Amino acid sequence: QVQLVESGGGLVQPGGSLRLSCAASGSIFASDVLGWYRQAPGKQRELVAAISSGGSTDYADSVKGRFTISRDNPKNTVYLQMNSLKPEDTAVYYCKLWNGVRRYEYWGQGTQVTVSS
């Protein structure tokens with residue numbers, strides 16, 4: 001079992017920044033991928049960014065150049081630095097851990113990010 005605890009959401013003005021954190025605990029493997037998804041009201045949940053234990057990253061086109069995902073392997077923690085935030089970034093952000101080979105996935109409880117003036 002894996003537990004994911006997110007923090008760092010909140011209200012920010014357009015153009016502002018926020019940093020999300022997600023701490024994973026439990027049975028973590030080096031091959032596990034960590035990432036962030038988001039879901040806005042009335043929309044499907046979408047991948048924002050993902051990072052492997054080796055540091056390979058993947059970003060949604062809508063956040064490239066503005067968001068940066070990073071990972072602290074000894075702490076089993078993943079971060080999402082969000083800069084130049086836009087109102088369309090408003091959503092509940094979820095941390096996810098998954099492993100395509102071992103075939104499992106775990107989700108955090110979600111943290112609200114609201115970008116508004």
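This passage walks through a predicted model, starting with a sheet and moving on to a cavity and a few individual residues.

A good place to begin is the open sheet of four strands, whose order is β1-β3-β8-β7 and whose pairing is antiparallel. At its edges lie β1 (2-7) and β7 (67-72), each of which pairs on one side only. On average, and with direction ignored, neighbouring strands of this sheet are turned by 15° against each other. The antiparallel pairing of β1 with β3 runs over six bridges. Within this part of the sheet, leucine 4 stands opposite alanine 24, a residue of β3.

Alanine 24 also leads to the next feature. When the whole structure is searched, one cavity of 30 Å³ or more is found. The volume of the largest cavity is about 30 Å³. Its lining is made up of Ala24, Ile28, Leu34, Arg71, Asp72, Asn73, Asn76 and Thr77. In general terms, empty space of this kind comes to light when a probe the size of a water molecule is rolled over the atoms.

One of the lining residues, asparagine 76, deserves a second look. Asparagine 76 sits in the loop between β7 and β8 (77-82). Its phi is near 50°, a positive value in a residue other than glycine. For background, most residues other than glycine have a negative phi. Asparagine 76 has a relative accessible area of 25% and is therefore partly exposed, since the partly exposed range lies between 20% and 50%. Glycine 65 offers a useful reference point: the two residues are eleven apart along the chain, and their C-alpha atoms are separated by 25 Å. Glycine 65 belongs to the loop between β6 (57-59) and β7. With a relative accessible area of 83%, glycine 65 is exposed, because the cut-off for that class is over 50%.

A second positive phi appears at serine 84, where the value is near 50°, again in a residue other than glycine. Serine 84 is part of the loop between β8 and β9 (91-99), and at a relative accessible area of 41% this serine is partly exposed.

Serine 84 is also one of the contacts of serine 17, a residue in the loop between β2 (10-12) and β3 (18-26). Leaving aside neighbours within four places in sequence, serine 17 is in contact with Val12, Gln81, Met82, Asn83, Ser84 and Leu85. With asparagine 83 there is a polar contact, in which the two side chains meet at 2.9 Å. Serine 17 counts as partly exposed, at 39% relative accessibility. Lysine 86 is 69 residues away from serine 17 in sequence, yet the distance from C-alpha to C-alpha is 9.8 Å.

The last stop is lysine 96, which is found in strand β9. Is this lysine buried or exposed? Its relative accessible area is 8%, so lysine 96 is buried, the limit for that class being under 20%. The side chain of lysine 96 is joined to that of glutamate 105 by a polar contact of 3.3 Å. Once neighbours within four places in sequence are set aside, lysine 96 is in contact with Leu4, Val33, Leu34, Gly35, Tyr37, Glu105, Tyr106 and Trp107. Two of these names have come up before: Leu4 is the residue opposite alanine 24, and Leu34 is among those that line the largest cavity.

Definitions and conventions:
Residues numbered from 1 in each chain as written. Predicted model: local features only at pLDDT ≥ 70, side-chain atom pairs only at ≥ 80, totals over all residues. Heavy atoms only, no water. Helix = DSSP H or I, 4+ residues; strand = E, 2+ residues; numbered from the N terminus. Buried < 20%, exposed > 50% of the residue type's maximum accessible area, 1.4 Å probe, protein only. Contact = heavy atoms within 4.5 Å. Polar contact = N/O pair within 3.5 Å; in protein donor to acceptor, adjacent residues only side chain to side chain. Pairing = 2+ DSSP bridges. Axes fitted to C-alpha atoms, helices over the stretch in contact; angles between N-to-C directions. 1 Å grid on protein atoms, 1.4 Å probe; cavity = no way out; pocket = protein on both sides within 12 Å on 5 of 7 lines; lining within 4 Å. Points joined across faces, edges and corners; volume = space filled by probe spheres on them.
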